[in-house]
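Here is a short, friendly walk around one protein model. Have a look at the picture first, then read on for its pockets, its cavity and a few spots in the backbone.

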Amino acid sequence: MSDKTMTAEEVVGRLASGTTIGIGGWGSRRKPMALVRALLRSDVTDLTVVSYGGPDVGLLAAAGKIRKLVTAFATLDSIALEPNFGAARQRAAFEMVELDEAMVMWGLTAAANRLPFMPIRAGLASDVLSVNPYLRTVTSPYEDGEELVAVPALRLDAALVHLNRADAQGNAQYLGPDPYFDDLFCEAADTAYVSCERIVDTADLLKDSAPQSLLIKRAFVNGVVEAPNGAHFTSCVPDYERDEAFQRAYARAARDPQTWRAFGVGAPPSGSWGRFLSGDEDAYQAAVAAFHKEEK
């Protein structure tokens, strides 16, 4: 079994402009933010992003990296609408495919099972079909003759996910209350990269947790990155909760262009870097620590 450990920069070095990337997690929960920040620092752009959107989508949109977004929402959970996403949508910065939450799940399921589509009921008698005229319905070939939505497979070139623990071979474990479909993202992708709070020996994965916590199998993983606090500022329970103070500061900054230039990263052509994204991951974590000292 090969050692698949990598750095975040090595992961991003395998990604290409114009590709389709799935990002795991949910809203502002267990997002692979260290990998997203590495992607921000790269020249990779013109992306199709599939995500249950949170600050991953917001930051990539603010930096002008997204060409097309496939999502059911973009939220910070305790703040209803992701502000950088909202601003980007208002200026029509990217193409949008807005699906029902279940449609995203079943689209990933179809891709994971190498099927062209999945027949489902979600979306029927709703405006999802109106705003996505490319969607088709199919009729059950059995006696019921039921009409169903044919959700197309959401096939990914690459998936980025963050879990609590992983071993060097790519087996990955979640310890919180929800898997957030991270396994489907990995199985729906040609390549998948897992960041984690800590890389441990394989034998230690089940030392304190049940077998069902082993969400992702090594066969579906191409690289593993040890990234302590790598989901910040989203939550990664039980390791840590969402950094609400920092998230509020992020949201305030995103609502004002001048404040945002000092805080984050501007879209091309300026591409200006602010306080928290002007360096590497170590610099980011140091800036966050300094922010909390100032808040006390």
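## Pockets, a cavity and some helix packing

Helix 1 (8-13), strand 12 (223-226) and helix 10 (281-295) each give at least two residues to the lining of the second largest pocket. Helices here are DSSP runs of H or I with at least four residues, strands are runs of E with at least two, and both are numbered from the N terminus. The model is a predicted one, where local features need pLDDT of at least 70 and side-chain atom pairs count only at pLDDT 80 or more, while totals for chains, interfaces and linings use all residues. Residues are numbered from 1 along each chain as its sequence is written, and side-chain values use heavy atoms, with hydrogens and water left out.

Which element gives the most to the lining of the second largest pocket? That is helix 10, with three residues. The second largest pocket holds about 210 Å³ of space. Its lining counts 15 residues, and Ala34, Glu226, Ala227, Glu281 and Asp282 are the closest to its centre.

A word on how such spaces are found. On a 1 Å grid over the protein atoms alone, a cavity is a set of points where a 1.4 Å probe fits but cannot get out, a pocket is an open set with protein on both sides within 12 Å along at least five of seven lines, and lining residues have an atom within 4 Å of a point. Points are joined across faces, edges and corners, and the volume is the space filled by probe spheres set on them.

On to the largest pocket, with its volume of about 250 Å³. Its lining has 16 residues, and the ones nearest its centre are Ala62, Asn84, Arg91, Pro257 and Trp260. Helix 4 and helix 9 (257-263) each supply at least two residues of that lining.

And how many cavities of 30 Å³ or more are there? The count comes to one. The largest cavity has a volume of about 70 Å³. Among the residues that line the largest cavity are Met33, Arg37, Leu59, Phe233, Phe246, Tyr250, Trp260 and Tyr284. Helix 2, helix 8 and helix 9 are the elements that give two or more residues to this lining.

The table sorts the three linings by class (nonpolar: Ala, Val, Leu, Ile, Met, Phe, Trp, Tyr, Cys and Pro; charged: Asp, Glu, Lys and Arg; polar: the others, Gly among them).

| Lining | Nonpolar | Polar | Charged |
|---|---|---|---|
| Largest pocket | eight residues | four residues | four residues |
| Second largest pocket | six residues | three residues | six residues |
| Largest cavity | 10 residues | one residue | one residue |

Now for the helices. Helix 3 (residues 55-62) packs on helix 4 (residues 83-90) at an angle of about 45°, and their axes are 7 Å apart. This is why helix 3 counts as oblique to helix 4. Axes are lines fitted to C-alpha atoms, for helices over the stretch in contact, and angles run from 0 to 180 degrees between N-to-C directions. Angles under 35 degrees count as roughly parallel, over 145 as roughly antiparallel, 65 to 115 as roughly perpendicular and the rest as oblique. In helix 3, Val57, Gly58, Ala61 and Ala62 meet Asn84, Phe85 and Ala88 of helix 4, where contact means heavy atoms within 4.5 Å. Those contact residues divide into five nonpolar, two polar and no charged.

Helix 2 and helix 3 pack at about 5°, with axes 10 Å apart, and are therefore roughly parallel to each other. Met33, Val36, Leu39 and Leu40 of helix 2 make this contact with Pro55, Asp56, Leu59 and Leu60 of helix 3. By class, that gives seven nonpolar, no polar and one charged.

Lastly, the backbone. Histidine 232 and phenylalanine 233 are joined by a cis peptide bond with omega of about 15°. Another cis peptide bond joins valine 237 and proline 238, with omega of about 5°. Phenylalanine 233 sits in the loop between strand 12 and helix 8 (244-254), and the place of proline 238 is the loop between strand 12 and helix 8. Aspartate 46 is not a glycine, yet its phi is positive, at about 60°. Aspartate 46 is in the loop between helix 2 (33-40) and strand 2 (47-51).
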